[in-house]
Amino acid sequence: MFNFKLKTHLVFGAATSEQLGKILTELGYRKVGIILDRGIVAHPQTRKALESIKAAQVAYQTFENDAIEPDYDFLEAFKKPFLNQGFECLVGIGGGSTLDLTKGVATLVTNPGEAISYRGFPKLQHRPLPVVAIPTTAGTGSEVTYNAVFTDAKQKKKLGINSEYNYPVQAILDPLFTVGCPKAVTVSSGADALVHTLESYVHKNHTPVSRMYSTEAFRLLYNNLNKVLDHPQDIEIRGHLALGAYLAGAALINAGSGPSGAFSYPLGAVYKVPHGYAGAIFLPEITRLNVEKGYQDYAALYDLMEGADKKLAVKEKNSEFVKRIAELMTKLDVPKAIAAYKLTDKDAEFLIEQYDVLKAAIDQNPMEITKEDVRKMMTKIFHPGGTYARV
Ligand SMILES: NC(=O)c1ccc[n+]([C@@H]2O[C@H](COP(=O)([O-])OP(=O)(O)OC[C@H]3O[C@@H](n4cnc5c(N)ncnc54)[C@H](O)[C@@H]3O)[C@@H](O)[C@H]2O)c1
C-alpha cells in the first residue's frame, strides 16, 4: 500500500505566465497580493503577467522581495502590509526564496502569532491563503511542495513552516522566465533539483509512482544540465529543466530527501553557501559511497544518460554513473564555487558533528552511512589538500 499526493494544478509552456489573469479568474479570486522576486521585477514576462491580471479586471497589489533564503525575522516584518487587506490569494513570482516567502505570508495572514512560533511542522488553526506559484528558477520544486524554508537566525538552523495546507493550488511553469537566468542561479537551482531527484529515487520510502517522477526528472535534468551553460537562451532546454525540477519536487515531497539535502542545511545556515551548491557538493561522494556499498539501482538511470553504453553490465553501469555525476558537477563548476567559501579543518569537523543531529534524514539513504563515512567524505571535500578545497 502507498500514497502519492499531488495537490497542485500545473500549466506548463513558454509564455504561460501571460495566462495568469485568466487563471486567477477561473479560480475565482478577485483581489490578490503578488510577491515579486527583485531579480525579475524588470523581466518582460513579469510585465506581461501583470498586464494579464489588469485585463482580467482582478484587483492586485505588488510587493517586492529582496531576501535570498529568508529568515523568520524577515518573514515577520514582511507579512505586516498583507494583514487585513482582504486578499483572496497570494501569487509568488520568483526563485525558491520568494515562493517560500509567499507560502509563509499566506500562513501568517490567516494564523495569529509570530513567524518563529510556526517553526518546523506546526499545527495550523486556519487554512493559509491559497498560493499560485510561478517559479523563475529551475528549481527548488517549491511550486509543488508544502515546504517553505526559513532560517532561525539566532540558532543558525534552516527549518521552515511545513504544513500539508501549504501546497500551492496552481503552478505556472513558464521557461521564458528562466531564459537569461545567470550561470550561478542556473547551476545552484538546477543542481538542487538533481539532488531532489536522486535522493527521492534511492530513498527507503520511494514508491513505484514516486520513482516514475524521479526517473523522468533525472532524464530531463541530467541531460539538460549538461547543455544549458553552452545554450543558456535555448527555450527547449530551459523548459526541460523547469519540468524536471517540478517532477523532482513532486517525487521529493512523496518519497523524501536524504544525506545531501540534510548536510546542505548547516552549510547554508552557518556558511551561507547557496542552497543548491550546498547539497550538490555531496552528491558525487554519496553516490560513490552507495555503489561501493553494493547499491545497484543507478543502472536504470545510467541508461537514460545521453551517450550511455546500454550494453555494459549492471556493475559497470553503476560505476560509470558515479563517474558521470562527478563529471557533471565539475562541468557546472560546483567544486570551484564551494572552494570560494574557504572552509577549514574546523568547519569540516563542525559538519562531521552534525551527523548526530541529521541522523534521521541520513538514515533514509538505502545503504548505511556511518559517522566514519561522513568523516572521510568531509575530509575529502573540505580539508586542505582535499579534492574540493584544492580547486
Ligand atoms: N519549498 C521547497 O520545497 C524548497 C525546496 C528546495 C529549496 N528551497 C529553498 O529555496 C531557496 C533557494 O531558491 P532558489 O535556488 O530558487 O534561489 P533564490 O530564490 O534564493 O534566488 C537566488 C537569486 O536568483 C535571483 N533570480 C531568481 N530568478 C531569476 C531569474 N529568472 N533571472 C535572474 N535572477 C533570478 C534572485 O533574485 C536571487 O538573487 C532556499 O531558501 C532553499 O532552502 C525550498
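Helices and strands are here DSSP runs, numbered from the N terminus. In these terms, the loop between β2 (31-37) and α2 (44-55) contains His43. The structure is a predicted model, and the description below proceeds from this loop residue to the ligand site and then to two charged positions.

His43 has a relative accessibility of 17% and therefore counts as buried, since the cut-off for burial is under 20%. When residues up to four places away in sequence are set aside, the contacts of His43 are with Leu176, Phe177 and Val179. One of these partners, Phe177, also takes part in the ligand site: a nitrogen atom of the ligand lies 2.9 Å from a backbone N or O atom of Phe177.

Two further polar approaches to the ligand involve oxygen atoms. In Gly96, a backbone N or O atom is placed 2.7 Å from a ligand oxygen. In Thr145, by contrast, a polar side-chain atom is involved, at 2.6 Å from an oxygen atom of the ligand. Of the accessible area of 870 Å² that the ligand has on its own, 88% is covered by the protein. Helices α4 (96-110) and α5 (183-202) are the elements that give two or more residues to the surrounding shell.

The ligand is surrounded by 26 residues, of which Asp37, Gly96, Ser97, Thr137 and Thr145 come nearest. Sorted by class, this shell comprises 13 polar, 7 nonpolar and 6 charged residues. Residues are given to the shell by both domain 1 (9-177) and domain 2 (183-382), so the ligand lies between the two domains.

Two charged residues, Glu353 and Lys376, were also examined. Glu353 is situated in helix α14 (residues 345-362). With a relative accessible area of 38%, Glu353 is partly exposed. Beyond its sequence neighbours up to four places away, Glu353 touches Lys371 and Arg375. The C-alpha atoms of Glu353 and Asp333 are 27 Å apart in space, although these residues are separated by 20 places in sequence.

Lys376 belongs to helix α15 (residues 371-382). Its relative accessibility of 56% places Lys376 in the exposed class, for which the value must be over 50%. Along the chain, Lys376 and Glu285 are 91 residues apart, and their C-alpha atoms are separated by 9.6 Å.

Note on methods
Residues numbered from 1 in each chain as written. Predicted model: local features only at pLDDT ≥ 70, side-chain atom pairs only at ≥ 80, totals over all residues. Heavy atoms only, no water. Near = heavy atom within 4 Å. Polar contact = N/O pair within 3.5 Å; in protein donor to acceptor, adjacent residues only side chain to side chain. Areas by Shrake-Rupley, 256 points an atom, 1.4 Å probe, with all protein chains shown as cover. Helix = DSSP H or I, 4+ residues; strand = E, 2+ residues; numbered from the N terminus. Domains from an automatic or database assignment. Buried < 20%, exposed > 50% of the residue type's maximum accessible area, 1.4 Å probe, protein only. Contact = heavy atoms within 4.5 Å.
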